[in-house]
Amino acid sequence: CHPFAVNKSAMPMLGNVLLSAGNGVLAIRSTDLYITAEDGGSAVVKRPGAVALDANRLAWLVSTMPGETVEIQHTTTRGALIATADGAIRFKFEAWDAAEFPRASAPVEGEQGSIPAAIFARLLEQTRFSISTDETRPHVNSMFVTFEGATMRAVSTNGHMVAAAEATLPDVGTLARQWMIPRRAVMALRAMLAAAPGVEAVGVTVGPVFARFQIRTASITTRMVDASFPP
């Protein structure tokens, strides 16, 4: 979730991740208002609650703390406190009110299917390099995906070269819509697949505006590009 927290923004809250604890689960969410990343895992929840914390500082802290267990406490007067289980290392965070964090996007409804992870990773790898990095040209700053029956095709271009790849899916489900996925979402999907070795499939739901990709407990929801891909 950390890479989607945006520090250079007119909304300082977007530089945070939202931690929500309840029913034995700690859920984490971040968003730049176009792409939302969510994940979660089991936790010992002594008192349910939610708090927004600085994403960069939290990511650094988690990567450097020893041990496998951390304890998180939050009060309105003391802020957030993160410590090792033995209390030897303690960090205090400035906490943000969870109510100020942008609301989660509505559930994506539309066509559904499942894409084998190995096939999806190959299509992303074979087309990502020719996606334009110019974000002012969204029609080429994206990957174009089409379906013809069970055949899935991915195409990208930066105006100078074109990359195309295709694969036959064992079960295409109801997927038939044309997608234009922004480059940032493509890179996020590559990272999510790389972080889940052994995963067999990516669950996909595509609506008129948003697309949602699910791998185990993690998901990425992205707004699709509203433009015409070059002929």
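In this predicted model, the largest nonpolar core holds 39 residues, and the members that touch the most others within that core are M152, W179 and F213. Helix α3 gives the most to this core, with six residues.

F213 is a good place to start looking. Leaving out neighbours within four places in sequence, F213 is in contact with F120, W179, I181, L189, M192, V202, G203, V204, A218, S219, I220 and T222. W179 is thus on the contact list of F213, and W179 is also named beside F213 among the residues that touch the most other members of the core. Apart from this core lies another one, of 12 residues, including V51, A55, L61 and M65.

**Two helices that cross**

Next, please turn to helices α2 and α3. Helix α2 covers residues 117–127 and helix α3 covers residues 183–194. How do their axes meet? They come within 10 Å and cross at roughly 140 degrees. Because of that angle, α2 is oblique to α3; the cut-off is worth recalling here, since only angles over 145 degrees count as roughly antiparallel. The crossing of the two helices is left-handed.

Which residues make the contact? From α2 come A117, F120, A121, L124 and E125, and they meet V186, L189, R190 and L193 of α3. Sorted by character, the residues of this contact are seven nonpolar, no polar and two charged. Two of these names have come up before: F120 of α2 and L189 of α3 take part in the helix contact, and both F120 and L189 are in contact with F213.

**A buried threonine in a strand**

T205 sits in strand β13, which spans residues 201–206. Is T205 buried or exposed? Its relative accessibility is 12%, so T205 counts as buried, the cut-off for that class being under 20%. Setting aside residues up to four places away in sequence, T205 touches V108, E109, G110, E111 and Q112, and also F210, A211 and R212.

**Residues outside the helices and strands**

Several loop or terminal residues are worth a visit too. The table gathers their positions and relative accessibilities.

| Residue | Position | Relative accessibility |
|---|---|---|
| M11 | segment before β1 (16–22) | 37%, partly exposed |
| N23 | loop between β1 and β2 (25–31) | 82%, exposed |
| L33 | loop between β2 and β3 (35–42) | 42%, partly exposed |
| D86 | loop between β6 (79–84) and β7 (90–93) | 63%, exposed |

N23 and L33 share a backbone feature that you may like to check for yourself. N23 has a positive phi of about 55 degrees although it is not a glycine. L33, likewise not a glycine, has a positive phi of about 80 degrees. N23 counts as exposed because its relative accessibility is 82%, while L33, at 42%, counts as partly exposed.

M11 and D86 can each be paired with a residue elsewhere in the chain. M11 and D32 are 21 residues apart in sequence, and their C-alpha atoms are 9.6 Å apart in space. What separates D86 from G113? Along the chain they are 27 residues apart, and their C-alpha atoms are separated by 46 Å. D86 lies in the loop between β6 and β7 and counts as exposed because its relative accessibility is 63%, with over 50% being the cut-off for exposed.

Terms used. Residues numbered from 1 in each chain as written. Predicted model: local features only at pLDDT ≥ 70, side-chain atom pairs only at ≥ 80, totals over all residues. Heavy atoms only, no water. Axes fitted to C-alpha atoms, helices over the stretch in contact; angles between N-to-C directions. Helix = DSSP H or I, 4+ residues; strand = E, 2+ residues; numbered from the N terminus. Parallel < 35°, antiparallel > 145°, perpendicular 65-115°, else oblique. Left-handed = near helix turned anticlockwise from the far one by under 90°. Contact = heavy atoms within 4.5 Å. Nonpolar A, V, L, I, M, F, W, Y, C, P; charged D, E, K, R; others polar. Buried < 20%, exposed > 50% of the residue type's maximum accessible area, 1.4 Å probe, protein only. Core = buried A, V, L, I, M, F, W, Y, C linked by side-chain atoms within 4.5 Å.
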